[in-house]
Amino acid sequence: MCGIAGYSLVPHSRLNRTLLAQALLAGIAERGADAVGYAYRSPESGEPTVAKQRTPASELLDHIAVPPGATELLVHVRDYTKGHPSIEANNHPVLHGPIVGIHNGIILNDDDLLADHDCARAEPGMTVDSEAIFALAAHSRSDVRALESLDGAMAAAWIDRRQPDVVHVARGTGRPLWLGESAEGVFFASTRNALALLERYCLSRLRMCELREGTLASLERGRIARRERFRTRTYVEHHPLPVVRAPHEREFCLTRLAAIAAAC
């Protein structure tokens with residue numbers, strides 16, 4: 001049971017980008033402790049910057065650094081199911097061609113979907129199932145119909161190097177995904193509580209809603225540019241994992257976040 005979060009900000013936003021990332025990470029820290037990572041993109045470079053490590057969130061929280069101009073962010077904590085975290089490429093954000101993406105869930109037909117793509121499994125030992133999502137996004141240019149090929153559970157988000165100023169977020173079946181809108185931008189997270197931390201420490205109010213299953217939303221320059229629907233396949237999780245996988249991480253990160261925010 002992984003956790004995902006991130007944002008698309010309006011270009012003129014004056015919000016503290018690093019504090020936003022820290023609040024979102026603290027909000028999802030309880031959902032996994034096998035690895036942690038984030039990626040951001042700013043208009044100046046146009047290229048995503050990726051940082052990830054095989055530690056729980058508590059060992060990254062103080063070291064996150066997001067520049068003031070970054071308008072797009074992805075954050076992930078991992079509780080791995082397929083793709084051992086000792087292989088860095090298995091950890092999130094996952095890279096596939098022009099795509100940088102994060103995923104919560106499990107894809108059952110990843111090997112079949114990736115078989116047609118020569119650029120898949122670029123690193124020896126890479127087996128993470130999430131790559132199938134981002135291969136579909138890369139080769140279809142995020143065509144919503146491509147997501148109908150996925151078999152399993154999914155909440156995901158990705159940045160495409162070929163599409164400036166856009167973050168795609170998608171919810172299939174079996175995993176939650178919340179959106180929060182404000183004048184400063186659009187924020188997303190696995191849980192409503194993660195977005196509530198933004199209200200507490202970073203901005204005054206968000207209009208929150210849970211993204212419907214079978215929806216792809218494209219966030220552009222701090223606004224929801226479009227929503228598209230796709231058909232999901234029936235998925236039954238016979239042995240569901242508990243939502244809270246690392247309660248000690250939640251407590252540590254929330255305490256540390258309060259101290260960080262007080263010092264800002």
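Biologist: Which cysteine sulfur is closest to the sulfur of C253, and what does the distance say about a bond?

Modeller: In general, a disulfide is a pair of cysteine sulfur atoms within 2.5 Å. Here the sulfur of C253 has its closest cysteine sulfur in C202, 15 Å away, which is too far for a bond. For C2, the closest cysteine sulfur is that of C253, at 16 Å, again too far for a bond, and the structure holds 0 disulfides.

Biologist: Before going on, what kind of model is this, and which residues and atoms enter the values?

Modeller: This is a predicted model, in which local features need pLDDT of at least 70 and side-chain atom pairs count only at pLDDT 80 or more, while totals for chains, interfaces and linings use all residues. Residues are numbered from 1 along each chain as its sequence is written, and side-chain values use heavy atoms, with hydrogens and water left out.

Biologist: Are C2 and C253 buried or exposed?

Modeller: The general idea is a scale of relative accessible area, on which buried means under 20%, exposed over 50%, and partly exposed in between, with a 1.4 Å probe and protein chains only. On that scale C2 is buried at 7%, and C253 is buried at 0%.

Biologist: What is the picture for the protein as a whole, beginning with its helices and strands?

Modeller: Helices (H or I, at least four residues) and strands (E, at least two) are DSSP runs, numbered from the N terminus. The protein has 5 helices and 13 strands. Its radius of gyration, taken over C-alpha atoms, is 17 Å, close to the 18 Å that the globule rule (2.2 Å times the number of residues to the power 0.38) gives for 264 residues, so the protein is as compact as a globular protein of that length. Buried residues make up 58% of the 264 residues.

Biologist: Which residues of helix α4 are buried, and where do they lie around the axis?

Modeller: One reads this from the arc, which is that of the directions from the helix axis to the C-beta atoms. In α4, residues 192-201, the buried residues are A194, L195, L197 and L198. These residues cover an arc of only 145° around the axis, which puts them on the same side of α4, whereas N193 and R200 are exposed on the other side.

Biologist: What do the buried residues of α4 pack against?

Modeller: Contact means heavy atoms within 4.5 Å. The buried residues of α4 pack against several elements, including α1 (17-28), α5 (247-263) and the strand β9 (178-182). In β9, 4 of the 5 residues are buried, so this strand is largely enclosed by the rest of the structure.

Biologist: Which strands does β9 pair with, and how many bridges join them?

Modeller: Two strands pair if DSSP finds at least two bridges between them. β9 runs antiparallel to β10, to which 5 bridges join it, and the two form a hairpin with 2 residues between them; within this pair, S182 stands opposite G185 of β10. β9 also runs antiparallel to β11, with 4 bridges, and there G180 has M208 as its bridge partner.

Biologist: Where does S130 lie, and which residues does S130 touch?

Modeller: A loop residue can be read with the same scale of burial and the same contact rule. S130 lies in the loop between α2 (110-114) and α3 (131-140), and is buried, with a relative accessible area of 3%. Not counting residues up to four places away in sequence, S130 touches H92 and H103.
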